[in-house]
Amino acid sequence: MNIHPINLCPKCAHAPYCVLTHAKSMVFSCSEYDELQYKAPIAQLINIKVRKPELETV
Amino acid sequence: MINGQIVEKPKPVKRGMLDNVLEQFNNAADSINLNPNVRKILSITNTEIIIHFPVRMDSGEVEIFTGYRVQHNNALGPYKGGLRYHPTVDIDAARALAMWMTWKTSLAGLPYGGAKGGIQIDPSKYSKTELERITRRFTYALGENIGPEHDIPAPDVNTNDQTMAWIADTYMSTKNTSERSKNQHVVTGKPVGSGGLEGRDRATGYGVFLTIKFWAEKNNETLAGKTFIVQGFGNVGYWAAHFLENAGAKMVGVQDAFGSVQNKEGITVEDLFNYGKANNGSIVGFPEATALDGKNFFGLDCDICIPAALGNQITAQNAASIKATLVAEGANGPTDVEGEKILLERGITIIPDIMCNSGGVIGSYFEWLQNRNGELWQMDEILEKLEKKLLATFKKVSDYSEENSVDMRTAAFAIAISRIEKAYILRGIFP
C-alpha cells in the first residue's frame with residue numbers, strides 16, 4: 001500500500017477486508033473509517049503504580 | 001508571529017493531492033470570469049499555523065507533537081472547518097481541505113470562511129487520557145488563533161464530540177470568569193448535553209435526502225416507489241436511507257466496508273441497521289437480501305444512486321453501467337472527472353457533494369447560532385430550518401444551472417465563488 005499524503009486506509013480498522021475501493025492509497029475522507037481502538041493507559045497495561053502528580057512530591 | 005507561534009508566509013496551494021479542488025476552482029473562476037485580483041487572493045491561504053507542543057505521557061515521558069491550522073479565507077465570516085488526528089495530517093492536506101471548506105460554506109449561504117487543521121498523530125497509540133492532554137495542550141497553543149468569532153473548529157477524522165468538549169472547556173478556561181460562557185461556540189460538534197445541537201448526527205444524511213426531494217419536486221416526480229442504492233451505511237448513508245424510506249422510496253442495494261447486499265423487493269432500513277449493530281457493524285449475511293459482488297454494485301437497477309462513503313467511486317470504469325437517473329453525492333468527491341463526463345453525456349443528473357452533503361456544516365452553523373444567542377432549539381425546528389436553508393441553495397444552483405446551461409456542480413462552484421468575489425468588490429482591499 002502506497003503512502004499518499006492524505007491517506008486514511010493504512011490506519012483504518014477495516015483496511016484488511018474493505019471492499020469499497022482498491023485505490024487504498026488515495027482516500028482522504030470515508031464514512032466507514034474506523035480507527036483502531038485507543039491504547040489502554042500504560043499503567044493499566046503493565047500494572048504499575050500511577051505516578052503521583054509532581055507537585056505532591058515537592 | 002501570532003501569540004508567539006510561527007505563522008508561515010502563505011504559499012500557493014500545491015497541485016497533486018487534491019487536484020480536483022484547484023481544478024474545480026479554476027474552471028468555475030473561468031466560467032464566471034472571476035476578477036483577477038480576487039482569483040489571486042483565493043488561490044492562496046490567508047494564514048498557516050504550525051505548532052510544535054510538548055505533552056506528558058502516562059509513562060511520565062514528554063513527547064513533542066505537531067499541529068496545524070490552515071485558514072484559507074474569511075471574506076464572508078469566521079473561518080470554519082474540521083480538526084483531524086491522523087498520521088497523514090500535514091500542511092498541504094490542510095490547505096486543500098481548507099479551500100474546499102471556503103466553497104462549501106459560501107455555497108450554503110453561511111457567514112463563514114474555510115479552514116482545516118489537525119495533529120499529526122496516530123491516536124491508536126495513545127490512551128484516552130493522553131489524547132485529552134494532547135487536545136487541551138494543542139488548544140492552549142492555538143490560543144487566539146481560534147475563537148468563536150474568528151475560527152471555529154469541528155470534528156473530523158478521529159475527532160468527535162468528546163474532543164470538541166475538551167477544546168471548548170480548555171478555551172473557555174483561558175478566559176476571565178465572567179467571559180467564559182460567552183465562548184462556548186468556539187467549536188461546534190459538541191455533545192448535546194454540553195452545548196451541542198439536537199439532531200446533529202442526522203444533519204448530513206437529512207440534507208442528502210432533502211436535495212433528492214427537491215430534485216424530485218422540481219421534476220414533478222414523487223419519491224414514493226422510487227428505488228435507491230446507497231454506498232456507505234454510516235451516519236450519512238443510514239440517515240439518508242431512513243428519510244428516503246419514510247418518503248416511500250425503496251432501498252434495493254447497500255454496500256459497506258464488509259460487502260454488498262441487494263434485494264429488488266426492498267431492504268428495510270431499520271432491519272438492516274439493527275442487523276449491522278448485532279454483527280460488529282457488518283451488513284454481510286443479512287437474511288432479507290442476497291450478497292453481491294462489489295464490482296457490480298453501482299450497476300444495480302435503481303432510480304437513485306447515493307455514493308455516501310468515499311471518493312473516486314464513480315469512474316470511467318463503471319459510469320457507463322450506472323442505471324440510476326440521479327446520483328446524489330453524499331460523500332466528498334465520489335465521482336471523478338472522467339466518470340462525471342460520462343454521466344453527464346448520458347443525461348444523468350448529479351447533485352454535487354458541495355451541496356448534497358452540506359447539511360453537516362449547516363447543522364454546525366445552527367449549533368453556533370444557538371450557543372451565541374443563548375438558545376436551545378428542538379429537533380423539529382432544527383430540521384425545519386435545515387430544509388429552508390438547503391432549499392434556498394438548491395434553488396439558486398438549479399436556476400443558475402438552467403439559465404447558463406451548465407451542470408449543477410459547475411453552477412454550485414460559480415455561485416460559491418461569486419459570493420466571495422462580491423464581498424471583496426463591495427469592501428475593497430485594505431489599505
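Student: Which domains is chain B divided into?
Tutor: This is a predicted model. Chain B splits into domain 1 (7-20 + 44-196) and domain 2 (201-356).

Student: How many Å apart do the C-alpha centres of domain 1 of chain B and domain 2 of chain B lie?
Tutor: Those two centres of chain B are 31 Å apart.

Student: Switching to chain A. How many helices and strands there?
Tutor: Chain A has 2 helices and 0 strands.

Student: And what share of chain A counts as buried?
Tutor: 24% of the 58 residues of chain A count as buried.

Student: What about contacts between residues 24 or more positions apart in chain A?
Tutor: They make up 12% of the chain A contacts with a separation of 6 or more.

Student: Now the contact between the chains. How many residues does each give?
Tutor: Chain B gives 41 residues and chain A gives 30 residues.

Student: Which elements of chain B give two or more residues to that side?
Tutor: Helix 3 (91-107), helix 4 (128-142) and helix 7 (235-246) of chain B do.

Student: How does the side of chain B that touches chain A divide by class?
Tutor: It has 20 polar, 14 nonpolar and 7 charged residues.

Student: Confidence next. What is the mean pLDDT of chain A?
Tutor: The mean for chain A is 68. In chain A, 52% of the residues reach 70 or more.

Student: Where in chain A is the pLDDT below 50?
Tutor: Over residues 42-52 of chain A. That stretch has 9 contacts in the model beyond near neighbours in sequence.

Student: What should not be read in detail where pLDDT is low?
Tutor: The predicted coordinates.

How values were computed:
Residues numbered from 1 in each chain as written. Chains lettered and ligands numbered in written order. Predicted model: local features only at pLDDT ≥ 70, side-chain atom pairs only at ≥ 80, totals over all residues. Domains from an automatic or database assignment. Helix = DSSP H or I, 4+ residues; strand = E, 2+ residues; numbered from the N terminus. Buried ≥ 20, exposed ≤ 12 C-beta atoms within 10 Å, placed from the backbone. Contact = placed C-beta atoms within 7 Å. Nonpolar A, V, L, I, M, F, W, Y, C, P; charged D, E, K, R; others polar. pLDDT = per-residue confidence, 0-100.
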